[in-house]
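Here are my notes on the model, as numbered points you can follow with the structure open. Have a look through and see where you would want to zoom in.

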Amino acid sequence: YQLNSGAWVSATGLGSWSGSVTLVSGANVIRAYARDAAGNRSATNSVNVTYYPPDVSVPVVVIGSPANGAALSNAVVTVSGTASDNKTLTNVSYQLNSGAWVSATGLGSWSGSVTLVSGANVIRAYARDAADNRSATNSVNVTYYPPDVTVPVVVIGSPANGAALS
């Protein structure tokens with residue numbers, strides 16, 4: 001028997017025979033023939049098989065915006081980034097602080113929206129591929145400083161209102 005254009009190998013057994021091959025990724029051709037004691041050779045028989053190796057590569061996800069360490073003055077922020085995989089991405093999810101994971105819009109380029117709390121916030125994201133491999137969780141730390149909307153108060157303590165001064 002032979003795999004692709006490799007060397008011919010003698011099989012184990014005669015009437016019922018077997019052999020072992022190591023397939024390459026993609027299309028493969030396995031050929032076999034038999035020879036009798038008189039030296040007569042059969043026609044070569046072949047089968048075509050396709051080998052799809054298991055997907056063990058994990059996706060990669062990047063949070064592009066907001067930037068790590070950003071000081072923000074708007075509570076509602078668009079989170080966006082990129083994700084990639086050697087095969088097919090199926091989902092990108094993101095999370096604010098310890099809230100629920102939310103599916104992002106898009107895969108290779110993805111986005112979503114969060115409403116920050118006052119002070120420190122952590123935004124996390126991960127991606128999954130068709131083989132259900134999950135990327136490492138990527139995160140950015142941002143700080144939300146709400147705008148100061150309190151109107152200052154001024155008091156005139158002296159002179160008193162309506163005082164007659166000389």
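1. A term to start with: a residue is called buried under 20% relative accessible area, exposed over 50%, and partly exposed in between, using a 1.4 Å probe and protein chains only. By that yardstick Asn97 is partly exposed, since its relative accessible area is 22%. Asn97 sits in the loop between β7 and β8, and its phi is positive, about 50°, although it is not a glycine.

2. Some housekeeping before going on. This is a predicted model, in which local features need pLDDT of at least 70 and side-chain atom pairs count only at pLDDT 80 or more, while totals for chains, interfaces and linings use all residues. Residues are numbered from 1 along each chain as its sequence is written, and side-chain values use heavy atoms, with hydrogens and water left out. Element names follow DSSP runs, numbered from the N terminus: helices are H or I runs of at least four residues, and strands are E runs of at least two.

3. Now the open sheet. Which order do its five strands take? The order is β5-β11-β10-β7-β8, with mixed pairing; two strands pair if DSSP finds at least two bridges between them. β5 (71–72) and β8 (102–103) stand at the edges with a single partner strand each, so one side of each has no neighbour in the sheet.

4. Looking at β11 (138–144) from both sides helps here. On one side, β10 (residues 119–129) runs antiparallel to β11, and seven bridges join them. Ile123 has Val140 as its bridge partner in β11, and Ala125 has Asn138. On the other pairing, β5 and β11 go together in the parallel sense over two bridges, with Ala71 partnered by Thr143 in β11.

5. Ile123 turns up again in the largest nonpolar core. A nonpolar core here is a set of buried Ala, Val, Leu, Ile, Met, Phe, Trp, Tyr and Cys residues joined through side-chain atoms within 4.5 Å. The largest one has 21 residues, and those with the most contacts inside it are Trp110, Val114, Leu116 and Ile123. Two or more residues each come from β4 (60–65), β6 (76–84), β7 (89–96), β9 (109–115), β10 and β11. The largest share, four residues, is given by β7.

6. Over to the strands with the lowest numbers. β1 (residues 2–3) and β2 (residues 26–32) run antiparallel and are joined by two bridges; Gln2 has Arg31 as its bridge partner in β2. β2 also pairs with β3 (residues 45–51), again in the antiparallel sense, over seven bridges. In that pairing, Ala32 is matched with Asn45 in β3.

7. Ala32 also helps line the largest pocket, together with Tyr1, Trp8, Val9, Ser10, Ala11, Gly13, Leu14, Trp17, Tyr33, Ala34 and Arg35. The lining divides into nine nonpolar residues, two polar and one charged. For this count Ala, Val, Leu, Ile, Met, Phe, Trp, Tyr, Cys and Pro are nonpolar, Asp, Glu, Lys and Arg are charged, and the others, Gly among them, are polar. The space in the pocket is about 340 Å³. A pocket is an open set of points on a 1 Å grid over the protein atoms alone, where a 1.4 Å probe fits, with protein on both sides within 12 Å along at least five of seven lines; lining residues have an atom within 4 Å of a point. Points are joined across faces, edges and corners, and the volume is the space filled by probe spheres set on them.

8. How many salt bridges does the structure hold? One, taking a salt bridge as a side-chain nitrogen of Lys or Arg within 4 Å of a carboxyl oxygen of Asp or Glu. Asp132 forms it with Arg128, and the closest N and O atoms are 3.4 Å apart. Asp132 is exposed at 52% relative accessibility, whereas Arg128 is partly exposed at 26%.

9. Backbone points worth a second look. Most residues other than glycine have a negative phi, and most peptide bonds are trans. Asp132, in the loop between β10 and β11, has a positive phi of about 65° although it is not a glycine. A cis peptide bond with omega about 0° joins Ser65 and Pro66, and Pro66 lies in the loop between β4 and β5. Another cis bond, also with omega about 0°, joins Ser158 and Pro159; Pro159 lies in the segment after β11.
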